[in-house]
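Here's a quick briefing to read alongside the structure. Have the viewer open and follow along.

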There are 2 protein chains.
Amino acid sequence: MNFQSHNESRTPSRAGVLAAAERIGETVTRTPLLPVPEGSGRLWIKAESLQLGGAFKLRGAYNRLAQMSVEERVAGVVAFSSGNHAQGVARAALMLGMPATIVMPGDAPAVKLNATRALGAEIVRYDRHNESREQIAAAIAAERGAVLVPSFDDVDVIEGQGTAGIEIAQQLGRGPARIVIPCGGGGLAAGIAVALPEAQIIVAEPEGWDDMGRSLALGGIVEVPADAPFTSCDALQTRRVADLTFAALVEAGALGVSVSEAEVHAAMRYAFGIGLVVEPGGAVALAAWLAGRLPEIGGDTIIVCSGSNVDPSAYAAVIGGEV
Amino acid sequence: MNFQSHNESRTPSRAGVLAAAERIGETVTRTPLLPVPEGSGRLWIKAESLQLGGAFKLRGAYNRLAQMSVEERVAGVVAFSSGNHAQGVARAALMLGMPATIVMPGDAPAVKLNATRALGAEIVRYDRHNESREQIAAAIAAERGAVLVPSFDDVDVIEGQGTAGIEIAQQLGRGPARIVIPCGGGGLAAGIAVALPEAQIIVAEPEGWDDMGRSLALGGIVEVPADAPFTSCDALQTRRVADLTFAALVEAGALGVSVSEAEVHAAMRYAFGIGLVVEPGGAVALAAWLAGRLPEIGGDTIIVCSGSNVDPSAYAAVIGGEV
């Protein structure tokens with residue numbers, strides 16, 4: 001078995017992201033870069049919500065799994081995730097013919113549980129309040145000799161997520177001035193920061209769960225406090241970011257912004273109005289723009305909408321204006 | 001004033017569509033061609049629901065308005081529409097600095113009324129059951145010397161809509177075997193048929209409103225009967241197709257399929273699951289596939305999702321499973 005990243009001596013690099021883009025090829029969807037009607041021609045949404053599996057996670061998972069040895073492929077992979085990384089790993093494993101076991105919280109959205117199961121993965125559920133998913137996943141990995149695939153604390157995963165940044169520059173036809181990115185553990189933000197070193201990077205987080213933003217401001221990693229408020233952004237409920245993602249964002253000079261529940265819902269309704277289903281955690285960057293939280297800047301701003309996996313009833317309540 | 005098409009001696013042609021694509025350039029969004037996860041690699045959605053204004057209509061409207069003389073531009077344009085064509089004409093007029101007056105039914109979705117007004121157009125509402133929008137629009141056009149822009153019975157409009165077909169072939173990298181297209185008056189279907197003469201064209205319509213399909217089967221135009229059932233597909237409530245659109249689809253050997261309300265709702269829920277908001281009328285082609293209404297075929301099938309403009313409360317009811 002293998003608890004540790006196989007590549008812990010490396011840090012994410014632009015060369016690594018370019019190699020990942022080559023490796024991934026047409027396995028992932030080239031998600032659209034859509035002009036925002038109210039953006040005066042300088043504002044764009046990178047709709048990773050339209051990625052296969054409904055989130056960017058396939059990029060990193062495929063990049064990690066595709067580099068495994070034949071022996072590792074036979075033993076398969078284990079991952080823990082509230083849902084989007086679960087689907088990414090399950091789909092990548094299916095594409096590469098590998099067995100996958102996913103440890104998911106018992107209260108994960110049903111839509112994410114069902115989609116992961118439909119991809120052929122074995123699901124192991126745990127109690128998010130009383131059990132350690134890390135320990136459960138590690139035990140399964142040890143028992144089966146399987147590789148544990150982290151959702152963000154891994155160079156190959158980060159470089160895979162960064163391929164979204166390469167696409168942005170290609171689709172825009174020039175380097176963007178600024179990219180605003182939803183941030184849980186920071187894998188997507190770190191990957192894009194490494195891919196586009198000239199761009200200003202802003203990470204967006206839910207209020208109270210803005211640990212990456214506070215860590216960047218303080219110059220050292222701080223965790224989400226135990227009494228953090230409720231957030232509907234299930235995809236962003238990460239208690240502690242990784243040294244790898246934090247370091248990449250420090251190097252990029254990234255800044256953080258945070259948004260309220262009401263602002264997240266307003267962003268989901270705005271996205272609906274232009275034809276995009278976006279889940280709460282996927283809408284925080286859009287929320288930051290809508291709430292006027294982004295300073296004026298020259299050049300192009302890219303807002304990443306990172307996922308669309310939300311339970312229909314929860315979505316209907318937001319769109320129908322009940323919450 | 002000018003009731004008649006300025007180009008009535010022409011019929012839509014592939015050369016005209018290519019010229020339209022050149023003319024439109026980057027004014028319209030190059031909407032994504034998205035792989036359908038369950039489509040075994042041979043099924044794609046052309047998401048015109050993500051077009052500026054939430055429907056394909058900007059393509060035809062811009063292609064028509066951009067060819068007007070300076071005198072015509074000053075006098076402006078008039079259009080009648082339940083909503084999507086209204087928005088397309090209003091946005092094209094705004095882009096070209098022309099005044100626009102739109103005649104809309106009083107019971108059009110509020111989201112479509114408001115969006116059209118927000119684009120600077122003057123809205124004139126009428127009673128869909130007791131008044132003739134054609135007469136109202138003609139009277140306004142006569143009074144102001146403005147040009148009436150038909151929503152589908154116009155060569156330039158049809159050729160503009162056909163630019164979606166050019167994009168499909170470019171994005172796929174090869175000619176598709178089959179394209180399934182929502183059909184009201186038939187402008188989009190006729191345009192794509194002309195753009196891609198090698199492809200099999202299937203028009204999708206709501207049950208009871210399948211006048212294009214029946215007309216194609218009978219070899220002559222039949223109207224929607226006065227007692228046609230209720231349909232939520234407000235964008236497809238056209239009582240009679242045009243000679244121009246019918247002729248183009250006859251020439252293409254097009255076939256029709258029809259779908260039920262329940263099948264439309266199921267398609268809207270499926271689209272939600274892959275991150276796309278699709279309005280009822282925009283979902284009929286997807287519904288035909290989901291309902292197993294499309295025969296097996298070799299090669300690639302493209303499903304056009306043509307619009308996303310639906311009132312939030314109506315959408316929430318469908319997604320939440322209430323209807």
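Let's start with Ala247(B), which counts as partly exposed at 45% relative accessibility. You'll find Ala247(B) in helix 11 of chain B, residues 243-251. Its C-alpha lies 9.3 Å from that of Leu216(B), although 31 residues of sequence separate the two. Keep in mind that this is a predicted model, with ipTM at 0.93 and pTM at 0.94.

**Confidence**

- Chain A has an average pLDDT of 94, and 98% of its residues score at least 70.
- The stretch to be careful with is residues 1-5 of chain A, where the pLDDT is below 50. Leaving aside near neighbours in sequence, that stretch has 10 contacts in the model.

**Where the chains meet**

- The contact between the chains involves 21 residues of chain B and 21 residues of chain A.
- Together the two chains bury about 1,800 Å², and 75% of that is on carbon and sulfur atoms.
- On the chain B side, look at Leu50(B), Phe272(B) and Val277(B): they supply 29% of the area that chain B buries against chain A, more than any other three residues.

**The largest nonpolar core**

- This core has 72 residues, and the members that touch the most others come from both chains: Ile45(A), Leu276(A) and Tyr315(A), along with Ile45(B), Leu276(B) and Tyr315(B).
- Try clicking on Leu276(B). Beyond four places in sequence, Leu276(B) touches Leu50(A), Gly275(A) and Val277(A) in chain A.
- Within chain B, the contacts of Leu276(B) include Leu34(B), Ile45(B), Ala47(B), Leu50(B), Ala271(B) and Tyr315(B).

**The six-stranded sheet in chain A**

- Six strands of chain A make an open sheet with mixed pairing, in the order 1-2-10-7-8-9.
- Strand 1 (33-35) and strand 9 (255-259) of chain A each have a single partner strand, so each edge strand has one side without a neighbour in the sheet.
- Going from one strand to the next, the twist averages 25°.
- Strand 8 of chain A (residues 200-206) runs parallel to strand 9 of chain A, and five bridges join them. For a landmark, find Ile202(A), which stands opposite Leu255(A) in strand 9 of chain A.

**Strands 3 and 4 of chain A**

- Strand 4 of chain A (residues 100-105) is mostly covered, with six of its six residues buried.
- Side chains on strand 4 of chain A go two ways: Ala100(A), Ile102(A) and Met104(A) point one way, Thr101(A), Val103(A) and Pro105(A) the other, and all are buried.
- Strand 3 of chain A (residues 77-80) pairs with strand 4 of chain A through four bridges, in the parallel sense. Val78(A) is opposite Thr101(A) there.
- Thr116(A) sits in helix 5 of chain A (residues 110-118). Thr116(A) has a relative accessible area of 0%, so it counts as buried.
- Two residues of strand 4 of chain A, Ile102(A) and Met104(A), are among those that Thr116(A) touches. Others include Gly83(A), Ala86(A), Gln87(A), Ala90(A), Ala121(A) and Ile123(A).

**Strands 3 and 4 of chain B**

- Strand 4 of chain B (residues 100-105) is also mostly covered, with six of its six residues buried.
- Both of its faces are covered: Ala100(B), Ile102(B) and Met104(B) are on one side, and Thr101(B), Val103(B) and Pro105(B) are on the other.
- Strand 3 of chain B (residues 77-80) is parallel to strand 4 of chain B, with four bridges between them. Here you can pick out Phe80(B), whose bridge partner is Val103(B).

**Two covered helices in chain B**

- Helix 8 of chain B (residues 163-172) has seven of its 10 residues buried, so the rest of the structure largely encloses it.
- The buried residues in helix 8 of chain B are Thr163(B), Ala164(B), Gly165(B), Ile166(B), Glu167(B), Ile168(B) and Leu172(B).
- Right after helix 8 of chain B comes Gly173(B), with a positive phi near 80°.
- Helix 9 of chain B (residues 187-195) is mostly covered, and nine of its nine residues are buried. Those buried residues include Leu188(B), Ile192(B) and Val194(B), as well as Gly187(B) and Gly191(B).

Technical notes. Residues numbered from 1 in each chain as written. Chains lettered and ligands numbered in written order. Heavy atoms only, no water. Pairing = 2+ DSSP bridges. Axes fitted to C-alpha atoms, helices over the stretch in contact; angles between N-to-C directions. Core = buried A, V, L, I, M, F, W, Y, C linked by side-chain atoms within 4.5 Å. Buried < 20%, exposed > 50% of the residue type's maximum accessible area, 1.4 Å probe, protein only. Contact = heavy atoms within 4.5 Å. pLDDT = per-residue confidence, 0-100. Buried area = accessible area lost by both parts, 1.4 Å probe.
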